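Work through these exercises with the model open beside you. Try each task before reading its solution.

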Amino acid sequence: MASGSLRPAGIRRGADRTQDSSVRGDLIEWVLPEPDTPLGELWESFRTLGDALSTGAYLGLGRFDLQLACYPGGGAHYSRHRDAFPGQSNRRATAVWYANAGWEPAHGGVLRLYPEGSAPVDVAPVLDTLVVFLSERIEHEVLPAYATRLALTAWYYGRAAG
């Protein structure tokens, strides 16, 4: 974060990608594997998690993307959405790890999940909390953050056929 490399997050992909702070107010940076660094260790942990999900839940996962998101406070949020849509060969599973030491309820930034047929579930972005869900099945949102909120999110893709 100190390097200034974080940039405003967009919505949608490719040529349709836009920025809209009324929908999403975080700053992001894509994380690449860097051996022998703290981020490299986290990358490896997410790779191991993907392998375990693929094997244990028979998800057939392959590659993954890893993104650092910083909600800078001031009410920054991310409106209700899904990370993938049924029928497309894209994101299959989402894993979010929180890096917020000293988080308090007044800081906001809670992740609200909307499981199908159930009441919403709120997850506080407390340090070392890990949330994993199916990308195309669970709608979710980030409620307004009033203090800096950090999260690493991995999106796991299905293995390519062939």
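Which residue just after H1 takes a positive phi? It is Tyr58, with a phi of about 55°.

This is a predicted model: local features need pLDDT of at least 70, side-chain atom pairs count only at pLDDT 80 or more, and totals for chains, interfaces and linings use all residues. Residues are numbered from 1 along each chain as its sequence is written, and side-chain values use heavy atoms, with hydrogens and water left out.

**Exercise 1. The helix**

Task: compare the span of helix H1 with its expected span, then find its buried residues and what covers them.

Solution.
- Step 1. Locate the element. H1 covers residues 38-56, 19 residues in total. Helices (H or I, at least four residues) and strands (E, at least two) are DSSP runs, numbered from the N terminus.
- Step 2. Check the span. From first C-alpha to last, H1 reaches 27 Å, close to the expected 27 Å. The expected span is 1.5 Å times one less than the number of residues.
- Step 3. List the buried residues. They are Gly40, Trp43, Phe46, Leu49, Gly50, Leu53 and Ser54. Buried means under 20% relative accessible area, exposed over 50%, and partly exposed in between (1.4 Å probe, protein chains only).
- Step 4. Recall the helix geometry. An α-helix has 3.6 residues a turn, so residues three or four places apart point the same way.
- Step 5. Find the cover. It includes strands S2 (27-31), S3, S5 (91-98), S8 (130-134) and S10 (149-158).

**Exercise 2. The six-stranded sheet**

Task: give the strand order of the sheet with 6 strands, then place H1 against it.

Solution.
- Step 1. Read the order. The open sheet runs S1-S2-S3-S10-S5-S8, with antiparallel pairing. Two strands pair if DSSP finds at least two bridges between them.
- Step 2. Find the edges. S1 (7-8) and S8 each pair on one side only.
- Step 3. Place the helix. H1 packs on this sheet and touches S2, S3, S5, S8 and S10. The direction of H1 makes about 135° with that of S3. Contact means heavy atoms within 4.5 Å. Axes are lines fitted to C-alpha atoms, for helices over the stretch in contact, and angles run from 0 to 180 degrees between N-to-C directions.
- Step 4. Inspect S1. It joins antiparallel S2 through 2 bridges. Arg7 stands opposite Ile28 in S2.
- Step 5. Inspect S5. Of its 8 residues, 7 are buried. It joins S10 through 7 bridges and S8 through 5. Thr94 has Trp155 in S10 as its bridge partner. Val96 has Val131 in S8.

**Exercise 3. The four-stranded sheet**

Task: why is one side of S4 and of S7 left without a neighbour in the sheet?

Solution.
- Step 1. Read the order. 4 strands form an open antiparallel sheet, S4-S9-S6-S7.
- Step 2. Look at the ends. S4 and S7 (121-123) stand at the edges, each with a single partner strand, so one side of each has no neighbour in the sheet.
- Step 3. Check the twist. Neighbouring strands here are turned by 20° against each other on average, direction ignored.
- Step 4. Inspect one pair. S6 (residues 111-114) and S7 pair antiparallel over 3 bridges. Leu113 has Val121 in S7 as its bridge partner.

**Exercise 4. The salt bridges**

Task: how many salt bridges does a search of the whole structure find? Sort three of them by burial or helix position.

Solution.
- Step 1. Count. The search finds 7. A salt bridge is a side-chain nitrogen of Lys or Arg within 4 Å of a carboxyl oxygen of Asp or Glu.
- Step 2. Take Asp26 and Arg24. They meet at 2.7 Å, N to O. Asp26 is buried at 2% relative accessibility, and Arg24 is buried at 11%.
- Step 3. Take Glu44 and Arg47. They meet at 2.3 Å. Being 3 residues apart in H1, they are separated by about one helical turn. Glu44 is partly exposed at 36%, as is Arg47 at 34%. Both belong to a salt-bridge network with Asp51.
- Step 4. Take Asp65 and Arg63. Their closest N and O atoms are 3.1 Å apart. Asp65 is partly exposed at 21%.
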